[in-house]
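This report goes through one protein chain, from its sheet and helices to single residues and their contacts. Please look over the sequence and the structure before reading on.

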Amino acid sequence: MTKQLSDRVAIVTGASNGIGRGIAEALAAAGAKTALAARRTEMLEDVASGIRDAGGTALPLTTDVTREDQVVRLFKTTYETWGRVDVLVNLGRLRVGGGQR
C-alpha cells in the first residue's frame, strides 16, 4: 500500500473504539502520524499498540472533549511532538441533554 499520508499528522477523537478506532487505524496505515484521543486510557493504549505493531505511529492521549483544558493539551502535545496538525477527525460524543456518553 502506498503511504499517501506520510508526513501528515492526524488527531482522531473518539479513537478508542468503533468508527473512531477504524479511522485512526486507516490513517495510520496510510502513513499518518496519529494522535489518538478518548476518555478510556486502556482502550486507547490497545489501539496505539495495534497501530505500532502494524508499523504505524500513534500517540495515545487520554482526553475528555468536554474539558477545554484537556482539548488544549491534546493539540499542544500533538504539535510539540510532531510540529503540525494536518487532519482532525472529531468523533468524541456528547449526549443530548448534557453529559458525555
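## Terms and model

A residue is called buried when its relative accessible area is under 20%, exposed when that area is over 50%, and partly exposed in between. By this scale D86, at 34%, is partly exposed. The structure is a predicted model.

## The sheet

Four strands form an open sheet in the order β3-β2-β1-β4, and their pairing is parallel. At the edges stand β3 (57–62) and β4 (87–90), each of which pairs on one side only. On average, neighbouring strands of this sheet are turned by 15° against each other, direction ignored.

Strands of a sheet pair through backbone hydrogen bonds, in either a parallel or an antiparallel way. Strand β2 covers residues 33–38 and is joined to β3 by six bridges, the two running parallel. Within this pair, A37 stands opposite L61 of β3.

## Helices on the sheet

Helix α1 (residues 18–29) packs on the sheet and touches β1 (9–13), β2 and β4. The direction of α1 makes about 170° with that of β1.

Helix α3 is made of residues 68–82 and lies across β1, β2, β3 and β4. This helix runs at about 155° to β3.

## Two buried residues of helix α3

Which residues does T78 contact, apart from its neighbours within four places in sequence? They are V9, I11, A35, L59, L61, G83, R84 and V85. T78 is found in helix α3, and its relative accessibility is 0%, so T78 counts as buried.

L74 is also found in helix α3. Its relative accessibility is 1%, which is under the 20% limit, so L74 is buried. Leaving aside neighbours within four places in sequence, L74 is in contact with I11, T13, A37, L61 and T63. One of these contacts, T13, is 61 residues from L74 along the chain, and the C-alpha atoms of the two are separated by 9.7 Å.

## A nonpolar surface patch

F75, V85 and L88 make a nonpolar surface patch of about 230 Å². V85 has its place in the loop between α3 and β4. With a relative accessible area of 33%, V85 is partly exposed. V85 is also among the contacts of the buried T78.

## Salt bridges

How many salt bridges does a search of the whole structure find? The search finds five. One of them is between the side chains of D46 and R21, with an N to O distance of 3.3 Å. D46 lies in helix α2 (residues 41–53) and R21 in helix α1, so this pair ties together parts that are 25 residues apart in sequence. D46 is partly exposed at 43% relative accessibility, and R21 is partly exposed with a relative accessible area of 24%.

The side chains of R67 and D69 meet in another salt bridge, at 3.0 Å from N to O. R67 has a relative accessible area of 38% and is partly exposed. D69 is partly exposed too, with a value of 45%.

D86 and R84 also meet through their side chains in a salt bridge, here at 2.8 Å from N to O. R84 counts as partly exposed at 33% relative accessibility, and D86 is partly exposed at 34%. Elsewhere, R21, E25 and D46 are joined into one network by salt bridges that share partners.

## The segment before β1

Is D7 buried or exposed? Its relative accessibility is 56%, which is over the 50% limit, so D7 counts as exposed. D7 lies in the segment before β1.

Not counting residues up to four places away in sequence, D7 touches G31, R84 and D86. Two of these, R84 and D86, are the partners of the salt bridge with an N to O distance of 2.8 Å. D7 and W82 are 75 residues apart along the chain, and their C-alpha atoms are separated by 9.5 Å.

Note on methods. Residues are numbered from 1 along each chain as its sequence is written. This is a predicted model: local features need pLDDT of at least 70, side-chain atom pairs count only at pLDDT 80 or more; totals for chains, interfaces and linings use all residues. Side-chain values use heavy atoms; hydrogens and water are left out. Two strands pair if DSSP finds at least two bridges between them. Axes are lines fitted to C-alpha atoms, for helices over the stretch in contact, and angles run from 0 to 180 degrees between N-to-C directions. Contact means heavy atoms within 4.5 Å. Patches are made of residues with over 30% relative accessible area and no salt bridge: like charges are joined within 9 Å, nonpolar side chains (Val, Leu, Ile, Met, Phe, Trp, Tyr) within 5 Å. Accessible areas come from the Shrake-Rupley method with a 1.4 Å probe; for residues, only the protein chains shown count as cover. A salt bridge is a side-chain nitrogen of Lys or Arg within 4 Å of a carboxyl oxygen of Asp or Glu. Buried means under 20% relative accessible area, exposed over 50%, partly exposed in between (1.4 Å probe, protein chains only).
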